[in-house]
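Work through the two exercises below with the sequence and the coordinates at hand, and try each task before reading its solution.

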Amino acid sequence: MSALAPTATALLDDYRTMVLIRRFEEAAERQYKAARIGGYCHLSSGQEAATVGAVAGLEAEDLLVTGYRCHGFALARGVPPEAVMAELFGRRDGCAHGRGGSMHLLDVSRGYYGGWGIVGGQLPIATGMALSLVRRGVPQAVLCELGDGAVNMGSFHESLNLAAVWKLPVVFLVVNNLYGMGTSVERASAEPDLFKRAGAYKMAGERVDGDDVEAMTEAAGRLLARAREERAPAVLEAITYRYRGHSVADAGLAYRTREEIDEHRSHDPLERTRELLGVRGVEAAAIEDADAAAEAAVARAVEFAEADAAPAVDRLAAGVYAEGSERQFERMLPGSPFGERELVFDGGLGQ
Ligand SMILES: Cc1ncc(C[n+]2csc(CCOP(=O)(O)OP(=O)(O)O)c2C)c(N)n1
Ligand SMILES: [Mg+2]
């Protein structure tokens, strides 16, 4: 193959990650249905371009915080598929040591601070992290992903307001996949142009075609650079679609039609990227290699997770409290001022 232009090489890299995510999610669904994965499991098939493009806009030192639909974000940030699958299986070598599961992926070494299951719960955390970057005077930014369903939570408004008032280096990435569980954006949001919410906090707000991986990288990269260099927070809304149900337990057909799903599948971001790669001169063989590599990586991840051990039971409480925090709880021990006491019902008359 003749030398590829840098844009073609970058796009091929994006495609590799996108196809890895798609294959990973398909395997996760199979493993969940085989009862090897417990708890909740939210897949992001269809949203790969938004995920990969946004993460490509990050610098190595930047920080990432997301909601619970997070397998793709972890993979895009470079967390090994083995560690992500092992986490889904609740195994010892999972990226959160088997304690978090599908919704609470974590890899601090890669600046990935979770994976949060409470809708909107990640926003104050990301905002606080951005404040910490400012206090420490380091030129880094935070990318905080949330769903369209989170924009009507109080935490969204509180976080955006503080980010603007304190000029914090944070970009709020709203992944608008048109539904929060079974409720469409139109039904849930008085202003369905979600990026416009930014204007209420005097920050930049942009909407991007979330199925266009290059447009996503450009917008995320530019807004993150501004956040880093000018401490200018922003909202980036990515329009995309999830192909599967809200979680693996949801067939995803009660609140939308088969035709609607098929229409979105007809412009699948993977297919779209493959076509663009062809236009950029990437040969079909290179694309097939990427597909085969993703398939193999996911098979290895499942094998690894199956063989991995469960976390040791006597270590279950490890990491719950900080070292030395026992003192904080001394006053709550039985017999201590706030410790457990036997309550005696005295008919409300007191002594
Ligand atoms: C505070 C809170 N309320 C309700 C839920 C239940 N819940 C889980 S996901 C979800 C919908 C969120 O939709 P969206 O933000 O659009 O994200 P998506 O699932 O589309 O990625 C809800 C209501 C929750 N996890 N946390
Ligand atoms: Mg949604």
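A polar contact is a pair of N or O atoms within 3.5 Å. The model used in both exercises is predicted.

**Exercise 1.** Describe how ligand 1 is surrounded, which polar atoms approach it, and what share of its area the protein buries.

*Solution.* Begin with the shell, which consists of 15 residues, the closest being Tyr68, Arg69, Gly149, Asn177 and Tyr179. By residue class, this shell around ligand 1 divides into seven nonpolar, six polar and two charged members.

Next, take the polar atoms in turn. In the side chain of Arg69, an N or O atom is 2.8 Å from an oxygen atom of ligand 1, while a polar backbone atom of Gly117 is 3.1 Å from a nitrogen atom of the ligand. A further oxygen-atom distance, 3.4 Å, leads from ligand 1 to a backbone N or O atom of Ala150. Taken alone, ligand 1 exposes 580 Å², of which the protein buries 72%.

Finally, place the ligand within the protein: ligand 1 sits in the largest pocket.

**Exercise 2.** Locate Ser102 in the secondary structure, decide whether Ser102 is buried or exposed, and find the partner of its side chain.

*Solution.* Ser102 belongs to the loop that runs between helix H4 (81-88) and strand S2 (112-115). The relative accessible area of Ser102 is 4%, and buried means under 20%, so Ser102 counts as buried. As for the partner, the side chain of Ser102 makes a polar contact with the side chain of His71, at 2.8 Å.

Definitions and conventions: Residues numbered from 1 in each chain as written. Chains lettered and ligands numbered in written order. Predicted model: local features only at pLDDT ≥ 70, side-chain atom pairs only at ≥ 80, totals over all residues. Heavy atoms only, no water. Near = heavy atom within 4 Å. Polar contact = N/O pair within 3.5 Å; in protein donor to acceptor, adjacent residues only side chain to side chain. Areas by Shrake-Rupley, 256 points an atom, 1.4 Å probe, with all protein chains shown as cover. 1 Å grid on protein atoms, 1.4 Å probe; cavity = no way out; pocket = protein on both sides within 12 Å on 5 of 7 lines; lining within 4 Å. Sits in = over half its atoms within 2 Å of the grid points. Nonpolar A, V, L, I, M, F, W, Y, C, P; charged D, E, K, R; others polar. Helix = DSSP H or I, 4+ residues; strand = E, 2+ residues; numbered from the N terminus. Buried < 20%, exposed > 50% of the residue type's maximum accessible area, 1.4 Å probe, protein only.
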